[in-house]
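Colleague: Before we discuss this model, could you put the sequence and the structure in front of us?

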There are 2 protein chains.
Amino acid sequence: MARPSAAATRPRLNRHRVLTAAAALADRIGIEALSMRRLAQELDVVPMALYKHVANKEQLLDGMVELLVAEIDPPATGVDWRTAIRLRVLSARRVLLRHPWGRSVLESRTSRTPAVLGYIDSVIGTFRTGGFSDELTHHVMHALGSRMWGFTQELFDEPAGPDASGADGSGADEDASPEVQQAMLQALAEHFPNIAATVLTATHDDGTVVARGCDDQAEFEFALDLMLDGFERLRATGWSPRVGH
Amino acid sequence: MARPSAAATRPRLNRHRVLTAAAALADRIGIEALSMRRLAQELDVVPMALYKHVANKEQLLDGMVELLVAEIDPPATGVDWRTAIRLRVLSARRVLLRHPWGRSVLESRTSRTPAVLGYIDSVIGTFRTGGFSDELTHHVMHALGSRMWGFTQELFDEPAGPDASGADGSGADEDASPEVQQAMLQALAEHFPNIAATVLTATHDDGTVVARGCDDQAEFEFALDLMLDGFERLRATGWSPRVGH
DNA sequence: GCATCAGGTGTACGGCGTACACCCACCGGT
DNA sequence: ACCGGTGGGTGTACGCCGTACACCTGATGC
């Protein structure tokens with residue numbers, strides 16, 4: 001009891017400590033489990049204490065986005081627009097892979113915070129100095145959309161979330177026996193033959209059919225490059241509005 | 001008091017009535033304001049009554065997605081793959097414009113419901129019968145991503161939501177005086193010159209600068225066509241994996 | 001005429017975000 | 001050496017949320 005209370009030893013809070021704690025906590029328990037109360041408990045503080053540093057939960061999330069954006073590499077210099085954009089986007093993607101909550105927070109936010117605007121501005125800048133007209137840049141940014149953050153709506157993939165691979169340590173989707181899996185695939189093929197066809201590889205030697213591993217990173221780059229190629233074609237041919245097909 | 005109580009006259013609930021009421025309510029008050037309690041009140045029923053028809057809120061949302069998917073036009077027949085996809089996606093887009101909650105619900109759901117799978121399956125089917133290899137179809141579907149539902153992350157646009165243009169009737173973003181707007185644009189240009197450049201048109205005769213109206217539909221179709229063109233190029237040149245650029 | 005049971009009810013619990021009043025340790029000024 | 005102010009942490013409380021569980025009730029089949 002000679003020990004000073006936690007409150008006495010605990011360093012003072014400030015906005016930055018709150019935000020980093022929130023980010024770290026979201027990394028651990030998932031964004032949907034992140035509440036003001038849970039965060040306060042993490043910081044050994046009563047919930048209302050947080051409100052001395054962030055106005056409300058919305059602003060907390062905005063602040064977390066700030067941290068996220070700060071982790072994205074600065075734009076590469078001395079390279080053409082295409083590789084500059086490519087590198088930047090892939091850097092953003094790595095950030096979002098480190099912080100799975102980033103994507104949903106980014107999506108949920110209307111996000112006109114300076115940090116976000118700054119990132120957007122610098123991406124636009126890369127296009128403009130790369131020879132895109134303002135008009136074309138505008139369209140191209142819309143086309144890029146959320147891909148500029150390094151993610152896209154992945155339509156097939158897992159519930160994911162940090163808890164999926166969490167406490168029990170298994171996390172794998174394949175806790176069903178091979179036979180059961182096989183049966184499920186069979187059923188899938190019956191009702192949704194086209195999905196089955198594109199999601200499955202050909203039959204193996206042993207006659208079984210297996211799900212093709214789906215390399216998200218490769219898929220992302222495939223789509224990104226497809227867009228970048230399209231952009232370059234428009235730029236090179238001097239695209240201008242009202243001259244579309 | 002001779003009037004029978006509301007409970008007596010009210011038609012019996014069933015899953016479908018619950019779902020359509022939920023959809024209509026979400027149209028009116030916005031998805032974030034849709035709660036089980038609010039929906040129950042709308043149906044003149046006690047909250048727990050809903051649970052006799054849907055297992056929980058998650059399943060309610062899944063059911064709402066079902067309704068959504070059902071509103072999308074069936075695939076066009078007798079046209080090439082490109083126009084078939086284009087029409088389908090634009091039909092989906094019209095549905096989501098009618099039901100602004102659709103997008104966020106679709107995004108939030110991991111969505112392996114039969115209705116969703118059915119839609120995806122039929123889109124895949126259009127590609128496959130259009131001459132795409134299974135492998136290429138797979139990639140192309142990933143590239144299409146959420147655009148298959150007719151939306152993309154629009155990075156610049158408004159908070160939106162049905163309440164924005166709600167009770168007070170104004171709803172316009174431009175409730176600030178022209179001078180104030182002008183000042184805000186000036187400030188924007190100062191901090192984010194690239195955003196300003198692509199978002200603003202040239203100066204008017206009178207020297208003022210105005211925000212370019214941003215036609216979301218046009219932007220969407222621009223990006224969609226860019227992707228479809230890319231897809232066609234790959235298909236026509238017999239793209240196969242490991243032979244990328 | 002009675003049992004069954006689907007569908008509607010009432011109450012309660014544990015969570016959430018946050019308004020508001022408070023208290024206290026520290027500070028600079030006198 | 002005192003003292004008023006102030007910034008940061010506290011305690012309590014409110015009104016929402018989703019939903020578990022026990023209950024009631026009125027129609028239906030035998």
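Colleague: In what order do the elements of chain A run from the N terminus on?

Modeller: This is a predicted model, in which local features need pLDDT of at least 70 and side-chain atom pairs count only at pLDDT 80 or more, while totals for chains, interfaces and linings use all residues. Residues are numbered from 1 along each chain as its sequence is written, chains are lettered from A and ligands numbered from 1 in the order in which they are written, and side-chain values use heavy atoms, with hydrogens and water left out. With helices (H or I, at least four residues) and strands (E, at least two) taken as DSSP runs numbered from the N terminus, chain A has 11 helices and 0 strands. From the N terminus on, its elements therefore run α-α-α-α-α-α-α-α-α-α-α.

Colleague: What percentage of the residues in chain A is buried?

Modeller: Buried means under 20% relative accessible area, computed with a 1.4 Å probe on protein chains only. By that criterion, the share of buried residues among the 245 residues in chain A is 42%.

Colleague: How many residues does each chain give to the contact between chain A and chain B?

Modeller: Chain A and chain B bury about 5100 Å² between them, 62% of it on carbon and sulfur atoms, where buried area is the accessible area (1.4 Å probe) that two parts lose on being put together, summed over both. Counting contact as heavy atoms within 4.5 Å, the numbers are 53 residues from chain A and 54 residues from chain B.

Colleague: Which element gives the most to the side of chain A that touches chain B?

Modeller: The elements that give two or more residues to this side of chain A are α6 (101-108), α7 (114-129), α8 (134-144), α10 (193-199) and α11 (216-236). The one that gives the most, with 10 residues, is α11(A).

Colleague: Which residue has a polar side-chain atom 2.8 Å from a phosphate oxygen of DNA strand C, on chain B?

Modeller: A residue is near a strand if one of its heavy atoms lies within 4 Å of it, and of the 17 residues around DNA strand C, those that come nearest are A:Ser35, A:Arg37, A:Tyr51, B:Lys52 and B:His53. Sugar and phosphate account for 47% of the atoms of DNA strand C that come within 4 Å of the protein. On chain A, an N or O atom in the side chain of A:Tyr51 is 2.8 Å from a phosphate oxygen, and a backbone N or O atom of A:Lys57 lies 2.9 Å from a phosphate oxygen. On chain B, the residue whose polar side-chain atom lies 2.8 Å from a phosphate oxygen of the strand is B:His53.

How values were computed:
Polar contact = N/O pair within 3.5 Å; in protein donor to acceptor, adjacent residues only side chain to side chain. Buried < 20%, exposed > 50% of the residue type's maximum accessible area, 1.4 Å probe, protein only.
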